[in-house]
Amino acid sequence: MSIPIIVFARAPVAGRVKTRLAARVGAWRAAQLHTRLTRRALRTARAAGLGSVELHVTSNHAAFGFHPKIFLQKGNNLGERMYRALRRHRRAILIGSDCPALTARDLRRAARSLCAGYRVVLLPTQDGGYALIAAQHAPRAIFEGITWGGPQVFAETEKRLAGVRWRRLRMLWDVDRPEDIDQIAPLFLRRSAMRPAMMP
């Protein structure tokens with residue numbers, strides 16, 4: 001079983017990434033957090049042992065120089081960019097960089113589902129989105145007309161899967177809101193990165 005894993009990540013530019021978290025930890029620390037989350041996602045992808053691991057980024061950045069397989073995301077919105085990335089392969093798994101609770105076991109479960117004949121596999125998140133999508137011959141319709149970033153992403157995607165054999169995996173939490181920082185503290189953050197930014 002060889003299934004490539006695609007990790008989607010934004011460039012960790014202060015003030016342009018994790019802007020909601022920046023209200024608590026500051027723009028620079030929020031960007032550093034994003035870098036660490038991306039590296040964790042890549043480690044998880046490699047640990048799954050399923051095949052090649054690709055990093056698809058919004059723009060080139062020095063923080064990504066360590067990874068051998070880097071591609072620029074292409075498309076007018078997140079859905080189009082994910083669709084194009086998945087269509088590079090007959091079947092593939094795509095994950096974001098915002099779900100540190102995602103494990104190699106989750107990735108292997110998604111891969112087994114594809115091999116069992118499911119066309120699409122989704123792992124939902126508590127905020128209404130999803131942290132993983134696996135697909136073979138990814139259907140374009142499930143990426144169109146979605147309000148990306150909103151609380152109904154998973155529900156809207158589910159509606160577009162009518163008639164498609166698909167599977168839902170367990171629900172996890174991701175890191176998007178200031179309160180989410182409390183959940184990731186035990187995983188890998190130092191205390192210094194948890195402190196609110198100092199006021200001038």
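1. Let's start with A27, which sits in helix α2 (helices are DSSP runs of H or I with at least four residues, strands are E runs of at least two, and both are numbered from the N terminus). At 32% relative accessibility, A27 counts as partly exposed (buried is under 20% relative accessible area, exposed over 50%, partly exposed in between, with a 1.4 Å probe and protein chains only). Setting aside residues up to four places away in sequence, A27 touches A14, G15 and A22 (a contact is heavy atoms within 4.5 Å). S2 is another matter: A27 and S2 are 25 residues apart in sequence, yet their C-alpha atoms are 39 Å apart in space.

2. A word on the ground rules. This is a predicted model, where local features need pLDDT of at least 70 and side-chain atom pairs count only at pLDDT 80 or more, while totals for chains, interfaces and linings use all residues. Residues are numbered from 1 along each chain as its sequence is written, and side-chain values use heavy atoms, with hydrogens and water left out.

3. Staying in α2, have a look at T44. T44 counts as buried because its relative accessibility is 14%. Beyond its neighbours within four places in sequence, T44 is in contact with L102, T103, A104 and L107. T44 also helps to line the largest cavity, as does L102.

4. On that cavity: the structure holds two of 30 Å³ or more, and the largest has about 80 Å³ of space. (On a 1 Å grid over the protein atoms alone, a cavity is a set of points where a 1.4 Å probe fits but cannot get out, a pocket is an open set with protein on both sides within 12 Å along at least five of seven lines, and lining residues have an atom within 4 Å of a point; points are joined across faces, edges and corners, and a volume is the space filled by probe spheres set on them.) Around the largest cavity you'll find L37, R40, A41 and T44, then I95 and G96, and after these S97, D98, C99, P100 and L102. Helix α2 (residues 27-47) supplies the largest share of this lining, four residues. Sorted by class, the lining is six nonpolar, three polar and two charged residues (Ala, Val, Leu, Ile, Met, Phe, Trp, Tyr, Cys and Pro are nonpolar, Asp, Glu, Lys and Arg charged, and the others, Gly among them, polar).

5. The largest pocket comes in at about 970 Å³. Its lining has 35 residues, and L78, D98, G149, D174 and D176 are the closest to the pocket's centre. Two or more lining residues come from each of β1 (5-9), α1 (19-25), α3 (78-86), β4 (91-95) and β6 (130-136). Of the elements, β6 gives the most, with four residues. The class split for this lining is 15 nonpolar, eleven polar and nine charged. Note that D98 turns up here and in the lining of the largest cavity as well.

6. Helix α3 deserves its own look. Its buried residues are G79, E80, M82, Y83, A85 and L86, and they pack against β1, β2 (53-57), β4 and β6. In the loop that runs from α3 to β4 lies R88, which is partly exposed because its relative accessibility is 46%. R88 touches E54, H56 and F71, not counting residues up to four places away in sequence. R88 and T35 are 53 residues apart along the chain, with 25 Å between their C-alpha atoms.

7. Now the packing. The largest nonpolar core has 40 residues, and I5, V7, I93, I95, L102, L107 and L132 have the most contacts inside it (a core is a set of buried Ala, Val, Leu, Ile, Met, Phe, Trp, Tyr and Cys residues joined through side-chain atoms within 4.5 Å). Helix α2 gives the most to this core, six residues. Apart from it lies another core of 21 residues, including I6, Y83, I133 and F154. As for I93, its contacts more than four places away in sequence include I5, L50, L86, L107 and L132.

8. Last, two backbone spots to check. Most residues other than glycine have a negative phi. K18, not a glycine, has a positive phi of about 50°; K18 lies in the loop between β1 and α1 and is buried, with a relative accessible area of 8%. H137 also has a positive phi, near 50°. H137 belongs to the loop between β6 and α5 (153-160) and, at 44% relative accessibility, counts as partly exposed.
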